[in-house]
Amino acid sequence: MTRMTHSEAFVETLAANNVTDVFGIMGSAFMDAMDIFTPAGIRLISVVHEQGAAHMADGYSRVSGRHGVCIGQNGPGVSNCVTGIAAAYWAHSPVVLITPEAGTTGIGHGGFQEANQLPMFQEFTKYQGHVNNPARMAEYTARCFDRALSEIGPTQLNIPRDFFYGDADVEIPQPMRLDRGPGGEKTLNEAAEMLASAHFPVIVSGGGVVMADGVDQCKALAERLGAPVVNSYQHNDSFPASHPLWCGPLGYQGSKAGMKLISKADVVLALGTRLGPFGTLPQYEMDYWPKNAKIIQVDADHKMLGLVKKISVGICGDAKAAATTLLDRLDNRTLACDANREERAVEIASEKNSWERELDGWTHERDDWSLAMIEEQSLEEGDYLHPRQVLRELEKAMPSDVMISTDIGNINSIAHSYLRFEKPRSFFAPMSFGNCGYALPTIIGAKVAAPDRPAIAYAGDGAWGMSMSEVMTCVRHDIPVTGVVFHNRQWGAEKKNQVDFYGHRFVAAELEHQNYTGIAKAMGAEGIRVDQLKEVGPALQKAIDMQMNEGKTTVVEIMCTRELGDPFRRDALSLPVRFLDKYKDYV
Ligand SMILES: Cc1ncc(C[n+]2csc(CCOP(=O)(O)OP(=O)(O)O)c2C)c(N)n1
Ligand SMILES: [Mg+2]
């Protein structure tokens, strides 16, 4: 036991958990602890808005596998974090959110910046530690760090602000790290038997494979089975794209090759995925989920087993350990699928080829609305590019070892077909929470964790507007990244619903008159405006060169037509019905 102040106990516990970077905005509520961050080896990266801090902590942890940490002033600084923490929750990121709270002598009086801070995050945290006695500061702090990793998601550490003052005899707890296993004997045996008798096994490689650092084990298992591997929705980095068995992502704007192949499966191994509902919806008018296949699901969280999709075997285990164990059990055995390995390899290659050819030929959207927009824009002054062509050019110009975040939007979603990765921990998308404004702050956090890797954020003009002020964070703190803004002058993804369902009545859909290159320059960054297809690749390469060699943040603004790809949620909309005379034309 050592005598120390409560601020010291708090900061020493952060240091014991190897915290080196905290994202947030300073505030009086935790200033006593903040004052000793520097001698503890902790940098407080001050952001523009606390939502950005939470996304940065998310990006940081997704790249590094370590905790991401964020903090804000009690009340508004904390409530600003809600959206970012919700996104981190659905990304299963071990983010620790530190929420200083109103002082205990005033709670309940309606004082300045007073808010009940636990209910705000109840739904988006795996654990909420409320320091109920200042002498327990280190204990609660340590538990929040332990639980973020063991429960695989954000935790909240709520500290009444007066509790930073005072002192106690403290022993800083050692971090506790879970040693995860492959799952239970019985389910592993059943799964091995199912795989051994499968004729057309397919693997879905999910975020759990990335988080468990299990891509190599997944690859070894896939190679033993000769099984095609599809990425679960928005986990394009869960299997190397150059591998002959890689077939691309499932879900919205994913790979037709992957969808066609999984539809033929008799056994699916869903490795490290909760098989979230949005990620397996029909696409391209194809209901590809194989309803008669046996499904083996491996998830570290037993509550996810069979939650969304009917399964035959559920293994509660670590994706890497489970893949290793399953491979061991298939070793030295003849498998049913050994008999048709060659045939399947040919089929995989042919589906992949035809999807690539289709993408090559799919230079623009061909629905009536898009064709009209393309026609209209060819009459306007200036040039506007087809998003799909832009995405292909960006793909070709992509640096190796890149980290990319995408936002929510029509062009960003189409990008999924063109984003391929060799390495895990490279792709960050908002996944189930689906919030616009995600990409830039998330890639900033990723860049802090991996400064030697090129970092790129894709965003539509609308989503960029929500988050672009964090360019100032990049400039202020020398965190160089590259923002690619698809400037189509509209909230395209939602406008697509007005095209399809609401008679082209564009309520609040247009975004006119901005110059994102100019805004970038005004924030102290570089800006490149692109309106020629041949300039897309060079602009990206120049921006990356400035990022990696000159430490500069660049915004590449790409002028795009108003054409729109398939919508997000055809499943969730209906044609309008109006009863009242006043609204009878609105159908
Ligand atoms: C925080 C938040 N607000 C609103 C939405 C609803 N929404 C989804 S996509 C979208 C449009 C995005 O427009 P933009 O970023 O310009 O990209 P585009 O679709 O035009 O490519 C909106 C408003 C959302 N997902 N998140
Ligand atoms: Mg837009």
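Let me start with ligand 1. In this predicted model, 18 residues surround ligand 1, and the nearest of them are Asn410, Asp461, Gly462, Ala463 and Ala493. Sorted by class, the shell around ligand 1 has nine polar residues, seven nonpolar ones and two charged ones.

Next, where does the shell come from? Three helices each supply at least two of its residues: H16, which covers 410–414, H18, which covers 461–467, and H20, which covers 492–500. Of the elements involved, H18 gives the most, with four residues.

Now the polar contacts, and here please look at the backbone. Asn410 has a backbone N or O atom 2.7 Å from an oxygen atom of ligand 1. Ala463 also places a backbone N or O atom by an oxygen atom of the ligand, at 2.8 Å. With Cys436, a polar backbone atom is 3.0 Å from a nitrogen atom of ligand 1. How much of the ligand does the protein bury? Ligand 1 exposes 590 Å² when taken alone, and the protein buries 80% of that. As for the site itself, ligand 1 takes up the space of the second largest pocket.

Last, the metal. Ligand 2 is a magnesium ion, and its coordination comes from Asp461 through OD, Asn488 through OD1 and Gln490 through O, at 2.0 to 2.2 Å. Along the chain, these donors follow the spacing D-x26-N-x1-Q. Asp461 sits in helix H18, while Gln490 is in the loop between strand S18, residues 482–487, and H20, so this pair ties together parts 29 residues apart in sequence. Remember that Asp461 was also named among the residues nearest to ligand 1. That is the end of my part.

Definitions and conventions. Residues are numbered from 1 along each chain as its sequence is written. Chains are lettered from A and ligands numbered from 1 in the order in which they are written. This is a predicted model: local features need pLDDT of at least 70, side-chain atom pairs count only at pLDDT 80 or more; totals for chains, interfaces and linings use all residues. Side-chain values use heavy atoms; hydrogens and water are left out. A residue is near a molecule or strand if one of its heavy atoms lies within 4 Å of it. A polar contact is a pair of N or O atoms within 3.5 Å; within protein, one must be able to donate a hydrogen and the other to accept it, and residues adjacent in sequence count only if both atoms are side-chain atoms. Accessible areas come from the Shrake-Rupley method with a 1.4 Å probe; for residues, only the protein chains shown count as cover. On a 1 Å grid over the protein atoms alone, a cavity is a set of points where a 1.4 Å probe fits but cannot get out, and a pocket is an open set with protein on both sides within 12 Å along at least five of seven lines; lining residues have an atom within 4 Å of a point. A molecule sits in a cavity or pocket if more than half of its atoms lie within 2 Å of its grid points. Ala, Val, Leu, Ile, Met, Phe, Trp, Tyr, Cys and Pro count as nonpolar, Asp, Glu, Lys and Arg as charged, and the others, Gly among them, as polar. Donors are N, O and S atoms within 2.8 Å of the metal (3.2 Å for Na, K and Ca); water is not among the atoms, so sites may look incomplete.
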